[in-house]
Amino acid sequence: MKGIEVREIREKLGLNREQFADLLCLSGYQAMMNIETDFRKPSKLTVRVLRFLDDQPKKKALEFIDNFNGYETE
């Protein structure tokens, strides 16, 4: 998956880089920038999550994100 595709999905969902990095369990803004500029490739699991989110209508994708964020790690 190309960085431009990742950025388009993030923008479709109305999330900033920090929020999107948190959703994808990345270390933060810089990690997201590295993916969006093709300096770093996302993992296979991340690509699957991104493709799932991209296939959903915005409302359903945001509902999924809300549910997903409800499972906090300890």
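## Close-up views of a predicted helical model

**View 1. The largest nonpolar core.** Of the 16 residues in this core, the ones touching the most other members are L13, F20, L23, L24, L26 and M32. Helices α1, α2, α3, α4 (44-55) and α5 (58-69) each put in at least two core residues. Keep in mind that this is a predicted model. For a look at one of those well-connected members, pick L24: leaving out residues up to four places away in sequence, L24 touches M32, T46, V49 and L50. M32 turns up again in the next views, as one of the buried residues of α3.

**View 2. Helix α3 and what its buried side packs on.** Helix α3 spans residues 29-36, and its buried residues are A31, M32, N34, I35 and E36. Which helices do the buried residues of α3 pack against? They pack against α1 (3-13) and α2 (17-23). Right after the helix comes D38, with a positive phi near 65°; D38 gets its own view further down.

**View 3. Where α1 meets α3.** Two packed helices are described by the angle between their axes and the distance between the axes. Here, the axes of α1 and α3 come within 7 Å and cross at roughly 125°, so the two helices are oblique to each other. The α1 side of the contact consists of G3, I4, V6, R7 and R10, and these meet M32, I35 and E36 in α3. Sorted by type, the residues of this contact come out as four nonpolar, one polar and three charged.

**View 4. R7, on the α1 side.** R7 sits in helix α1. Is R7 buried or exposed? Somewhere in the middle: its relative accessible area is 29%, so R7 is partly exposed. Not counting residues up to four places away in sequence, R7 touches R17 and E36. E36 is one of the buried residues of α3. Another buried residue of that helix, A31, makes a handy yardstick: R7 and A31 are 24 residues apart in sequence and 13 Å apart in space, C-alpha to C-alpha.

**View 5. N34, a buried asparagine in α3.** N34 belongs to helix α3. Why does N34 count as buried? Its relative accessibility is 18%, and the cut-off for buried is under 20%. Set aside the neighbours within four places in sequence, and N34 is in contact with F39 and R40.

**View 6. I9 and its partners.** I9 is in helix α1, and at 4% relative accessibility I9 counts as buried. What does I9 touch, not counting residues up to four places away in sequence? The answer is M1, F20, L50 and D54. F20 and L50 are familiar by now: F20 is among the core members with the most contacts, and L50 also touches L24. Along the chain, I9 and L50 are 41 residues apart, yet their C-alpha atoms are separated by 7.3 Å.

**View 7. D55, out in the open.** D55 is found in helix α4. With 63% relative accessibility, D55 counts as exposed. D55 and I9 are 46 residues apart in sequence, with 9.8 Å between their C-alpha atoms. So this view pairs an exposed residue with a buried one.

**View 8. Phenylalanine rings, with a stacked pair in α5.** A pair of aromatic rings is described by the distance of the centres and the angle of the planes. There are two aromatic pairs in the model. F64 and F68 make one that is stacked, at 5.8 Å centre to centre and 20° between the planes. Both residues lie in helix α5, four residues apart, about one turn of the helix. F64 counts as partly exposed at 28% relative accessibility, and F68 is partly exposed too, at 37%. Zoom out a little and F52 joins in: ring pairs link F52, F64 and F68 into a cluster.

**View 9. Two loop residues with positive phi.** Most residues other than glycine have a negative phi. C25 has a positive phi, near 60°, and its place is in the loop between α2 and α3. C25 is exposed, with a relative accessible area of 67%. D38 has a phi near 65°, again a positive value in a residue other than glycine. Where is D38? Its place is in the loop between α3 and α4. D38 is partly exposed, at a relative accessible area of 36%.

Definitions and conventions. Residues are numbered from 1 along each chain as its sequence is written. This is a predicted model: local features need pLDDT of at least 70, side-chain atom pairs count only at pLDDT 80 or more; totals for chains, interfaces and linings use all residues. Side-chain values use heavy atoms; hydrogens and water are left out. Buried means under 20% relative accessible area, exposed over 50%, partly exposed in between (1.4 Å probe, protein chains only). Contact means heavy atoms within 4.5 Å. A nonpolar core is a set of buried Ala, Val, Leu, Ile, Met, Phe, Trp, Tyr and Cys residues joined through side-chain atoms within 4.5 Å. Rings of Phe, Tyr and Trp (its six-membered ring) pair if their centres lie within 6.5 Å; planes under 30 degrees apart count as stacked, over 60 as edge-to-face and the rest as tilted. Axes are lines fitted to C-alpha atoms, for helices over the stretch in contact, and angles run from 0 to 180 degrees between N-to-C directions. Angles under 35 degrees count as roughly parallel, over 145 as roughly antiparallel, 65 to 115 as roughly perpendicular and the rest as oblique. Ala, Val, Leu, Ile, Met, Phe, Trp, Tyr, Cys and Pro count as nonpolar, Asp, Glu, Lys and Arg as charged, and the others, Gly among them, as polar.
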